[in-house]
Amino acid sequence: MSQIPSNQAISIEKQELVSSANLSRHAKSNLTKIAAWINDRNVPFLISSIGMIVMLLWAGAYKMTAPGAEGIIPLVSHSPLIFWHFIVFGPYIGSDIIGLTEITAAILIIIGYFKPKAGIIAGLITTFMFFTTSSMIITTPGAIIAVPGISYMRYMSFLGLFLFKDVIALGVSVYLVSYFGKKAIVGENKN
C-alpha cells in the first residue's frame with residue numbers, strides 16, 4: 001500500500017476541511033463564523049430550492065390560464081429554440097404543456113429532498129427550460145432598447161429584466177443538479 005506524499009496529504013486535508021459539513025468548528029473570525037453558520041444550516045440550498053419550487057408552481061399554474069398563455073406568445077414565437085412549440089400545439093395547449101412541465105419540475109424538487117435522483121431530474125429539466133428562456137433576452141423584440149439621447153448604449157427594458165431573472169434561475173438549476181447529485185452519490189456509496 002503506497003502512502004500519499006505529505007504535500008498531497010495536506011492538500012487533501014484542506015479540501016476535506018473546506019467541504020466539511022460542519023465548518024463552524026474551523027471558523028476563526030466573526031466573518032467566517034457567519035459564513036460557516038449559513039453553510040452548516042444549508043441555507044443556500046433551502047432558499048434556492050424553496051424559491052424555485054414556489055416560482056415554478058406559481059408560474060406553471062399561471063401559464064395554464066388564458067392571460068398566461070397570451071403573455072408568453074411573443075416570447076415563444078420569437079425564440080429560435082422553441083418557436084415550433086406553438087406551431088405544433090397552439091398557444092393554449094402549448095402554454096399548458098409548459099406550465100405542466102414547470103409544475104412537474106417543482107414536484108420533482110420536493111421529491112428530491114427524499115430521493116435525490118428526482119432532484120437531479122428536476123434540475124436538468126429546469127436547466128434546459130431556463131437556458132431556453134434566457135436566450136429570449138436576445139431574440140425577443142423590445143427586450144433590449146435604446147434610450148433616447150444616449151448614443152451607442154443599449155439597455156434592458158422591463159421585459160428584458162423580466163427575462164434576465166431566468167439567467168439567475170439557470171444558475172440555481174445547475175446548483176440543484178450539483179447539490180442533489182452529491183446527495184445521490186453519497187447515497188450510492190453507502191451500500
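Is Ser48 buried or exposed, and at what relative accessibility? The tour returns to that question after a view of the whole chain.

**The whole protein**

Begin with everything displayed. This is a predicted model. The protein has eight helices and two strands. Followed along the sequence, these elements come in the order α-α-α-α-α-α-α-β-β-α. The protein has 191 residues, and buried residues make up 32% of them. Among the contacts with a separation of 6 or more, 59% join residues that are 24 or more positions apart.

**The loop before helix 3**

Select Asn42, which is in the loop between helix 2 (30–40) and helix 3. Most residues other than glycine have a negative phi. Asn42 is not a glycine, yet its phi is positive, at about 60°. Its relative accessibility is 28%, so Asn42 counts as partly exposed.

**Helix 3 and Ser48**

Now select Ser48, which is found in helix 3. The opening question can be answered here: Ser48 has 19% relative accessibility and therefore counts as buried, the cut-off being under 20%. Residues up to four places away in sequence are not counted in the next step. With those set aside, Ser48 touches Val172 and Tyr175.

**Helix 3 against helix 8**

Display helix 3 (residues 43–63) together with helix 8 (residues 158–190). Their axes come within 10 Å and cross at roughly 120°. The two helices are therefore oblique to each other. In passing helix 8, helix 3 makes a left-handed crossing. To see the contact, select Pro44, Phe45, Ser48, Ser49, Met52 and Met55 on the side of helix 3. On the side of helix 8, add Ala169, Val172, Ser173, Tyr175, Leu176, Tyr179 and Phe180. Sorted by class, this contact of helix 3 with helix 8 contains 10 nonpolar residues, three polar residues and no charged residues.

**Ser173 in helix 8**

Keep helix 8 in view and centre on Ser173, which belongs to that helix. Ser173 has a relative accessible area of 0%, so it is buried. Which residues is Ser173 in contact with, leaving aside its neighbours within four places in sequence? They are Met52, Gly123, Thr126, Thr127 and Phe130.

**Helix 6**

Hide helix 8 for a moment and select helix 6 (residues 91–112). Helix 6 has 22 residues, and the distance from its first C-alpha to its last is 31 Å. That span is close to the 32 Å expected at 1.5 Å a residue. Colour the buried residues of helix 6: Gly94, Ser95, Ile98, Gly99, Glu102, Ile103, Ala105, Ala106, Leu108, Ile109 and Gly112. What do the buried residues of helix 6 pack against? Their partners are helix 3, helix 4 (66–77), helix 5 (84–89), helix 7 (116–139) and helix 8.

**Helix 3 against helix 6**

Bring helix 3 back beside helix 6. The axes of this pair come within 8 Å and cross at roughly 155°. Helix 3 is therefore roughly antiparallel to helix 6. Here too the crossing of helix 3 past helix 6 is left-handed. From helix 3, select Ser49, Met52, Ile53, Leu56, Leu57, Ala59, Gly60, Ala61 and Lys63. These meet Ser95, Asp96, Ile98, Gly99, Glu102, Ile103, Ala105, Ala106, Ile109 and Ile110 in helix 6. By class, the contact of helix 3 with helix 6 holds 12 nonpolar, four polar and three charged residues.

**Gly142 and strand 1**

Move next to Gly142, in the loop between helix 7 and strand 1. Gly142 has a relative accessible area of 38% and is therefore partly exposed. Measure along the chain and then through space: Gly142 and Met156 are 14 residues apart in sequence, and their C-alpha atoms are 8.4 Å apart. Not counting residues up to four places away in sequence, Gly142 touches Ser157 and Leu159.

For the last stop, select Ile145, which lies in strand 1 (residues 144–146). Its relative accessible area is 33%, so Ile145 is partly exposed. How many residues apart in sequence are Ile145 and Met156? They are 11 residues apart, with 6.1 Å between their C-alpha atoms. Leaving aside neighbours within four places in sequence, Ile145 is in contact with Met153, Arg154, Tyr155 and Ser157.

Methods
Residues are numbered from 1 along each chain as its sequence is written. This is a predicted model: local features need pLDDT of at least 70, side-chain atom pairs count only at pLDDT 80 or more; totals for chains, interfaces and linings use all residues. Side-chain values use heavy atoms; hydrogens and water are left out. Axes are lines fitted to C-alpha atoms, for helices over the stretch in contact, and angles run from 0 to 180 degrees between N-to-C directions. Helices (H or I, at least four residues) and strands (E, at least two) are DSSP runs, numbered from the N terminus. Angles under 35 degrees count as roughly parallel, over 145 as roughly antiparallel, 65 to 115 as roughly perpendicular and the rest as oblique. A crossing is left-handed if the near helix is turned anticlockwise from the far one by less than a right angle, and right-handed if clockwise. Contact means heavy atoms within 4.5 Å. Ala, Val, Leu, Ile, Met, Phe, Trp, Tyr, Cys and Pro count as nonpolar, Asp, Glu, Lys and Arg as charged, and the others, Gly among them, as polar. Buried means under 20% relative accessible area, exposed over 50%, partly exposed in between (1.4 Å probe, protein chains only). The expected span of a helix is 1.5 Å times one less than its number of residues.
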